[in-house]
Amino acid sequence: LSVVLLDGLPALEVGCLLRTCETAHLRRVLLLGRAPGPPDPQVLKTSLGSERRVPIRRMGSLREAVVMLRETGHTIWGLAGADD
């Protein structure tokens, strides 16, 4: 299982998500566009070292990430939040 994080997420939330991904034993985290990631100080603060234990890869676009994931046998699921 891998997770793709789009840009627009606050750095503190990315750090928290990295901790969650480590706990769930995810294969990798893909960061898209300008999504914050290590070495952002806020990501490092909230990830509590998870950034060293979860492989993180930066991808140029969602399309590129989906193609790579499909090629490695992943089933693609989407989840989006919306403002009220």
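This passage walks through the fold, the middle strand, the main pocket and a few unusual backbone spots of a predicted model.

Start with the overall layout. The chain's secondary structure adds up to 3 helices and 3 strands, and reading along the sequence gives the pattern β-α-β-α-β-α. The radius of gyration is 12 Å, close to the 12 Å that the globule rule gives for 84 residues, so the chain is as compact as a globular protein of that length. Laid along its principal axes, the C-alpha trace covers about 35 × 35 × 20 Å. Of the 84 residues in the chain, 35% are buried.

Strand 2 is a good place to look next. It covers residues 28-32, and 5 of its 5 residues are buried, so this strand is largely enclosed by the rest of the structure. Buried here means under 20% relative accessible area. The side chains split into two sets: Arg 28, Leu 30 and Leu 32 point one way, while Val 29 and Leu 31 point the other way. Both sets are buried, Arg 28 included.

Strand 2 has a partner in strand 1 (residues 2-5), and the two run parallel, joined by 4 bridges. Within this pairing, Ser 2 sits opposite Arg 28. To get from strand 1 to strand 2, the chain passes through helix 1 (residues 11-23), making a β-α-β crossover that is right-handed. Strand 2 is also paired with strand 3 (residues 56-59), again by 4 bridges and again in parallel. Here Val 29 faces Ile 56 of strand 3. The connection from strand 2 to strand 3 goes through helix 2 (residues 41-47), and this β-α-β crossover is right-handed too.

Now for the open space. The largest pocket holds about 720 Å³. Its lining counts 22 residues, and those nearest the pocket's centre are Val 3, Val 4, Trp 77, Gly 78 and Leu 79. Strand 1 gives the largest share of the lining, 4 residues. At least two lining residues come from each of strand 1, helix 1 and helix 3 (62-71). What is the lining like by class? It breaks down into 16 nonpolar, 5 polar and 1 charged residues.

A few backbone details round things off. Most residues other than glycine have a negative phi, and most peptide bonds are trans. With that in mind, three spots in the loops deserve a look. The peptide bond from Pro 38 to Pro 39 is cis, with omega near 15°, and Pro 39 belongs to the loop between strand 2 and helix 2. His 25, in the loop between helix 1 and strand 2, has a positive phi near 55° even though it isn't glycine. This histidine has 70% relative accessibility, so His 25 counts as exposed; the cut-off for that label is over 50%. Leu 48 also has a positive phi without being glycine, in this case near 50°. Its home is the loop between helix 2 and strand 3, and with a relative accessible area of 59%, Leu 48 is exposed. Leucines turn up in a contrasting setting back in strand 2, where Leu 30, Leu 31 and Leu 32 are buried.

Terms used: Residues are numbered from 1 along each chain as its sequence is written. This is a predicted model: local features need pLDDT of at least 70, side-chain atom pairs count only at pLDDT 80 or more; totals for chains, interfaces and linings use all residues. Side-chain values use heavy atoms; hydrogens and water are left out. Buried means under 20% relative accessible area, exposed over 50%, partly exposed in between (1.4 Å probe, protein chains only). Two strands pair if DSSP finds at least two bridges between them. A crossover is right-handed if, with the strands pointing away from the viewer, the path from the first strand over the helix to the second runs clockwise. On a 1 Å grid over the protein atoms alone, a cavity is a set of points where a 1.4 Å probe fits but cannot get out, and a pocket is an open set with protein on both sides within 12 Å along at least five of seven lines; lining residues have an atom within 4 Å of a point. Grid points are joined across faces, edges and corners, and a volume is the space filled by probe spheres set on the points. Ala, Val, Leu, Ile, Met, Phe, Trp, Tyr, Cys and Pro count as nonpolar, Asp, Glu, Lys and Arg as charged, and the others, Gly among them, as polar. The radius of gyration is taken over C-alpha atoms; the globule rule is 2.2 Å times the number of residues to the power 0.38.
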